[in-house]
Amino acid sequence: MNLTLYVWRQKGSGDKGQLVPYEANGISNDMSFLEMLDVVNEGLIKRGEEPIAFDSDCREGICGMCGQVVNGIPHGPRKKTTICQLHMRHFKDGDTIYIEPFRAKAFPVIKDLIVDRGAFDRIIQAGGYISVHTGGAPDGNAILIPKHDAETAMDAAECIGCGACVAACPNGSAMLFTAAKVTHLAMLPQGQVEAARRVCVMTDEMLGQGFGNCGNHYECQAVCPKGIKVQFIAKLNREFIKAQGR
Ligand code: SF4
Ligand code: FES
């Protein structure tokens, strides 16, 4: 396939940035989107030009490191698919593709397609943990957990912290991310001791980091590569009200 790319190039957070056209020629259907960018970068390096900066790590859809907006959609056009797992067979020869970084006030651009998602780390640092004595692995089933609760906790724990939900939200809200992190601990007995404090400090930190409020647009759910549901936001709100009562 031969493609035309318009890629956001920005030297640093103080730079204005612009979309720059590139030709991506001889692209195989079997390549991932990031492999296609690797090919483009090899060409740029050979010509002595600066390669396009973008984030990736596992390239298996599990680490949450990658993130780009493709033709206006965070992680591109495939449902429940990270950009590293998006394959070029979903595009056509001759296509024009626009590639931009995640855009949100709380995610400043570092360079080209790389944004600083440290704000998510600070939300987790505020309360996204449990305090326990460590030691040997405990016996299985020592604490019985109802099947529904275990499954809900696991569904919430699927969040990989990629930030697509924030990039898709017109308010730049991090409610889906924070809700997933609060819920996966709130559903389990181990998360109960710090539950009230957790939901308050994580919500405070979320607002302090410059994320907006939830406006029930559901755009976050639509782009989430892990299928995190907005029902978890309702759970976050219930946890928050419960914590106020305490
Ligand atoms: S809720 Fe989904 S879109 Fe948001 S950070 Fe987690 S995995 Fe990414
Ligand atoms: S690089 Fe790890 S999820 Fe995409």
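## Close-up views of a predicted model

**View 1. Tyr129 sits in a loop between two helices.** The loop joins no other pair in this view: helix H2 (118-127) lies on one side of Tyr129 in sequence and helix H3 (147-156) on the other. The model shown here, as in every view, is predicted. Tyr129 is partly exposed. Its relative accessible area is 32%, and the partly exposed class runs between the 20% and 50% cut-offs. Tyr129 and Thr203 are 74 residues apart in sequence. In space, their C-alpha atoms are 14 Å apart.

**View 2. Helix H3 has a buried side and a face turned away from it.** The buried residues here are Thr152, Ala153 and Ala156. They cover an arc of only 100° around the axis, which puts them on the same side of H3. Lys147 and Met154 are exposed. Both are carried on the face turned away from the buried side.

**View 3. Helix H6 spans residues 195-208.** H6 has 14 residues. From first C-alpha to last, the helix reaches 20 Å. That is close to the 20 Å expected at 1.5 Å a residue. The buried residues of H6 are Ala195, Ala196, Arg198, Val199, Met202, Thr203 and Met206. Seen down the helix axis, they fall within an arc of 170°, so they line one face of H6. Asp204 and Gly208 are exposed, on the face turned away from the buried side. Thr203, one of the buried residues, is the partner in the C-alpha distance to Tyr129 given for View 1.

**View 4. Ligand 1 is surrounded by 13 residues.** The closest are Cys159, Cys162, Gly163, Cys165 and Cys224. Two elements give two or more residues each to this shell: helix H4 (164-168) and helix H5 (175-186). By class, the shell has 11 nonpolar and 2 polar residues. It has no charged residues. Cys counts as nonpolar and Gly as polar in this tally. The space taken by ligand 1 is the second largest cavity.

**View 5. The whole protein gives the setting for the close-ups, with 8 helices and 7 strands.** Its C-alpha atoms fill a box of roughly 60 × 40 × 35 Å along the principal axes. The protein has 246 residues. Buried residues make up 48% of them.

Technical notes. Residues numbered from 1 in each chain as written. Chains lettered and ligands numbered in written order. Predicted model: local features only at pLDDT ≥ 70, side-chain atom pairs only at ≥ 80, totals over all residues. Heavy atoms only, no water. Near = heavy atom within 4 Å. 1 Å grid on protein atoms, 1.4 Å probe; cavity = no way out; pocket = protein on both sides within 12 Å on 5 of 7 lines; lining within 4 Å. Sits in = over half its atoms within 2 Å of the grid points. Helix = DSSP H or I, 4+ residues; strand = E, 2+ residues; numbered from the N terminus. Expected span 1.5 Å × (residues − 1). Buried < 20%, exposed > 50% of the residue type's maximum accessible area, 1.4 Å probe, protein only. Arc of directions from axis to C-beta.
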